[in-house]
2 protein chains.
Amino acid sequence: MSTKEKLVSRALELFNENGIEYVGMRELAADLKMRVGNVTYYFATKDDLVIEIINRLRDLNSKTIEADCSSITSFLSMYRQLFNNQYQYRCLLLSFVHLVSRHPSFAGNYAATDARRREALRSHITSMIKNNCLSTSLIADHVELVVSHITLISRFWISEARISYANWTLEQTIAHYLNLLGEVLFPYATVEGKKQVDDFRKGK
Amino acid sequence: MSTKEKLVSRALELFNENGIEYVGMRELAADLKMRVGNVTYYFATKDDLVIEIINRLRDLNSKTIEADCSSITSFLSMYRQLFNNQYQYRCLLLSFVHLVSRHPSFAGNYAATDARRREALRSHITSMIKNNCLSTSLIADHVELVVSHITLISRFWISEARISYANWTLEQTIAHYLNLLGEVLFPYATVEGKKQVDDFRKGK
DNA sequence: TGCTAAATTAGGACATTGTCCTAATTTGTT
DNA sequence: AACAAATTAGGACAATGTCCTAATTTAGCA
């Protein structure tokens with residue numbers, strides 16, 4: 001593993017454990033038995049290191065989102081994977097607002113990602129409508145609100161879990177928020193769709 | 001206005017404008033044309049100052065939540081007030097996760113507040129059922145999920161707005177998230193309840 | 001009016017942080 | 001062997017929260 005790779009992966013571990021702002025450059029360097037100068041050789045600033053990690057999560061999620069979502073079952077499975085990705089990079093989700101507020105470059109970058117995510121979500125909903133899992137008449141005027149809803153949940157579930165469900169296991173937590181996603185879709189689901197939501201809940 | 005009062009209210013302003021972690025003790029003192037020593041005379045640490053602000057928001061929200069919520073209309077009006085309170089103290093909401101993670105005393109304190117908030121929400125739902133705005137049969141197995149839902153929205157709407165809707169006006173933003181709340185209740189609303197949700201949306 | 005405690009000034013010290021810098025040394029590749 | 005990349009070594013800088021002491025002003029009270 002290259003030095004750069006070691007840096008990123010160890011930084012991610014430490015950031016996840018202690019929070020980004022509580023892991024100093026000196027601490028990271030010492031942990032890897034190297035000098036601060038060598039860290040800044042690869043990443044001039046701490047933000048550059050964080051951006052590298054952000055990009056990795058973005059790429060990971062992009063792949064996950066490409067998965068087939070023709071049924072509510074597969075949609076929720078895809079989100080289970082997405083939630084696991086986010087947990088792997090939880091330090092980012094927990095510092096998200098600060099990261100975006102701090103530097104405009106983050107913000108601009110994220111706006112594009114955000115738009116793509118929403119567009120993908122709309123296409124997933126269309127797909128579930130086509131496959132008779134969601135009722136086109138029921139959801140008609142509510143698509144944008146459902147999209148906003150799911151976006152909000154998937155952005156902040158980790159933050160809320162940290163605050164309110166710190167003693168839950170990861171599996172419990174993810175199950176809870178997948179249930180919440182199911183709850184959002186349920187009112188607009190067809191009979192078949194409702195069955196899939198119920199089965200998914202029982203399946204855990 | 002007492003010095004302590006000046007301190008708290010100016011700190012809140014500066015925290016809201018620039019973020020808690022970007023307003024230093026020296027900066028706050030200089031802004032008020034006093035010395036750092038005098039700030040620490042009232043608040044030994046910056047966290048103590050933040051805790052004072054946290055408690056003020058808590059008290060403000062506690063009063064707001066006592067309001068009558070026998071209809072969906074009044075429920076949403078109450079949340080409009082709640083959202084305005086939160087906006088007044090937005091610096092806290094934006095740094096919430098960090099604040100709670102940082103010091104265990106925050107976390108323990110908040111757990112109690114959180115439990116009370118959820119309990120109040122349950123009682124509001126019961127109230128809306130009694131007044132024939134929510135259907136008891138429809139919402140039966142979904143109360144806890146609805147509670148989780150509303151809790152999530154009211155905790156993180158400010159964070160998401162900062163990230164995604166920074167160019168919206170406050171009114172637009174609050175309207176959007178009140179719509180989202182309406183959306184959560186809508187599927188479980190009676191005919192009268194659905195009418196109230198629709199009216200509330202049109203009313204803005 | 002005087003006394004006394006509270007409030008405030010003034011200024012510095014300390015450790016920690018991210019960042020930046022230079023010079024010397026090691027490592028790896030051609 | 002030569003040369004660039006990688007790494008060490010150590011320090012400097014400004015900013016932060018916190019802590020400290022001494023002196024001075026302000027305000028309430030007998």
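## Two chains, one shared surface

All of the interface residues of chain B, 100%, are also interface residues in chain A, so the copies meet through the same surface; contact here means heavy atoms within 4.5 Å. This is a predicted model, where local features need pLDDT of at least 70, side-chain atom pairs count only at pLDDT 80 or more, and totals for chains, interfaces and linings use all residues. Residues are numbered from 1 along each chain as its sequence is written, chains are lettered from A and ligands numbered from 1 in the order in which they are written, and side-chain values use heavy atoms, with hydrogens and water left out.

**How the copies are related**

- Chain B lands on chain A after a rotation of 180 degrees with 0.0 Å of shift along the axis, at RMSD 0.1 Å; the fit is least squares on the C-alpha atoms of residues with pLDDT of at least 70 in both copies.
- That is the relation of a two-fold axis.
- In chain B, B:Pro187 has the C-alpha nearest the axis, 3.0 Å from it.

**The interface**

- Chain B and chain A put 38 residues each into the contact.
- About 3,200 Å² is buried between chain B and chain A, with carbon and sulfur atoms giving 63% of that; buried area is the accessible area (1.4 Å probe) that two parts lose on being put together, summed over both.
- Polar contacts across the interface come to 22 residue pairs, both residues at pLDDT 80 or more (a pair of N or O atoms within 3.5 Å; within protein, one must be able to donate a hydrogen and the other to accept it, and residues adjacent in sequence count only if both atoms are side-chain atoms).
- On chain B's side, the elements giving two or more residues are α7 (96-102), α8 (104-130), α10 (143-164) and α11 (170-185); helices (H or I, at least four residues) and strands (E, at least two) are DSSP runs, numbered from the N terminus.
- The largest share of that side, 14 residues, comes from α10(B).
- There are two salt bridges between chain B and chain A, a salt bridge being a side-chain nitrogen of Lys or Arg within 4 Å of a carboxyl oxygen of Asp or Glu.
- B:Glu160 and A:Arg155 pair in a salt bridge at 2.6 Å, N to O.

**A closer look at A:Glu160**

- A:Glu160 sits in helix α10 (residues 143-164) of chain A.
- A:Glu160 is buried, at 1% relative accessible area (buried is under 20%, exposed over 50%, partly exposed in between; 1.4 Å probe, protein chains only).
- Leaving out residues up to four places away in sequence, A:Glu160 touches A:Tyr165 and A:Tyr177, plus B:Thr151, B:Leu152, B:Arg155 and B:Phe156 across in chain B.

**Inside chain A**

- Chain A has 12 helices and zero strands.
- Buried residues make up 50% of the 204 residues in chain A.
- The C-alpha atoms of chain A fill a box of roughly 60 × 35 × 30 Å along the principal axes.
- Of the chain A contacts with a separation of 6 or more, 71% are between residues 24 or more positions apart.

**Salt bridges within the chains**

- Over all chains, the count is 26 salt bridges.
- A:Arg56 and A:Glu5 form one, with the closest N and O atoms 2.8 Å apart.
- A:Arg56 lies in helix α4 (residues 46-65) and A:Glu5 in helix α1 of chain A, so this pair ties together parts 51 residues apart in sequence.
- A:Arg56 is partly exposed at 24% relative accessibility, and A:Glu5 is partly exposed at 28%.
- A:Arg118, A:Glu119, A:Arg122 and A:Glu144 are linked in a salt-bridge network.
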